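Okay, thanks for squeezing me in. Let me put the thing up on the screen and we can walk through it together.

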Amino acid sequence: MEARISIITLGVADLSHSYDFYRQLGFPTHSHPEEGIVFFSTAGTRLALYPIDALADDIKPGTAVAETGFGGITLAHNTRSKEEVDEVLALAERCGGRIVKPAQDVFWGGYSGYFADPDNYLWEVAYGDCWQFDDNGSLVLD
């Protein structure tokens, strides 16, 4: 298996509402909620939104959707500057997201904060002064 993640799919309660949220954040797409699934382009990986009940049923018919809460996973958006962390968090809040942890200096030497999207998926927005990005905007981890 190649070490690659092609698509991250988020099960959402209201496809149109979540679509609007991510479009307002600036995620590009040619998809529309009427198609039943939405794909957004990102550097290297695609983000998909799919109705949560249909996603659970796709995994195994009759699968119950878990109660909302911390599921042990976060998504991350890494920035090129400390100021951009604050800008992205403010944008997420204006688009209908909820700030869970305001941006602050963190134990590993960076600067980060968290927001929750309309379905309570947690996004860390973080800056590290030693980070580098490739031409596609992907974080270089070498």
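Before anything else, one bit of vocabulary: when I say exposed I mean over 50% relative accessible area, buried is under 20%, and partly exposed is whatever sits in between. And keep in mind that this is a predicted model.

Let's begin with helix α3, residues 82–94. A quick sanity check on its geometry: at 1.5 Å a residue, those 13 residues should span 18 Å, and the end C-alpha atoms are 19 Å apart, which agrees. Now, which residues of α3 are buried? They are V85, V88, L89 and A92. If you look down the axis of α3, those buried residues fall within an arc of 100 degrees, so they line one face of the helix. Turn to the face pointing away from that buried side and you find the exposed residues E83, E87 and R94.

So what's sitting on top of the buried ones? The cover on the buried residues of α3 includes α1, along with the strands β4 (75–78), β5 (98–105), β6 (111–116) and β7 (122–127). After α3 comes G96, and its phi is positive, near 110 degrees.

Okay, over to the sheet. We've got 3 strands in an open sheet, ordered β1-β3-β2, with mixed pairing. The edges are β1 (7–12) and β2 (38–41), each of them pairing on one side only. On average, neighbouring strands here are turned by 20 degrees against each other, ignoring direction. How do β1 and β3 pair? In the parallel sense, over 6 bridges, with β3 covering residues 46–51. If you want a landmark, I7 stands opposite R46 in β3.

Then the helices around it. Helix α1, residues 15–25, packs on the sheet and touches β1, β2 and β3, and its direction makes about 155 degrees with that of β3. Helix α2, residues 52–59, lies across β1 and β3 and runs at about 95 degrees to β3.

Last stop is G36, in the loop between α1 and β2. Is G36 buried, exposed or partly exposed? Its relative accessible area is 29%, so with the cut-offs from the start it counts as partly exposed. Leaving out neighbours within four places in sequence, G36 is in contact with L15, Y50 and P51. And to tie that back to where we began: G36 and V88 are 52 residues apart along the chain, and their C-alpha atoms are separated by 28 Å.

That's my tour, happy to spin the model around if anyone wants another look.

How values were computed. Residues numbered from 1 in each chain as written. Predicted model: local features only at pLDDT ≥ 70, side-chain atom pairs only at ≥ 80, totals over all residues. Heavy atoms only, no water. Pairing = 2+ DSSP bridges. Helix = DSSP H or I, 4+ residues; strand = E, 2+ residues; numbered from the N terminus. Axes fitted to C-alpha atoms, helices over the stretch in contact; angles between N-to-C directions. Contact = heavy atoms within 4.5 Å. Expected span 1.5 Å × (residues − 1). Buried < 20%, exposed > 50% of the residue type's maximum accessible area, 1.4 Å probe, protein only. Arc of directions from axis to C-beta.
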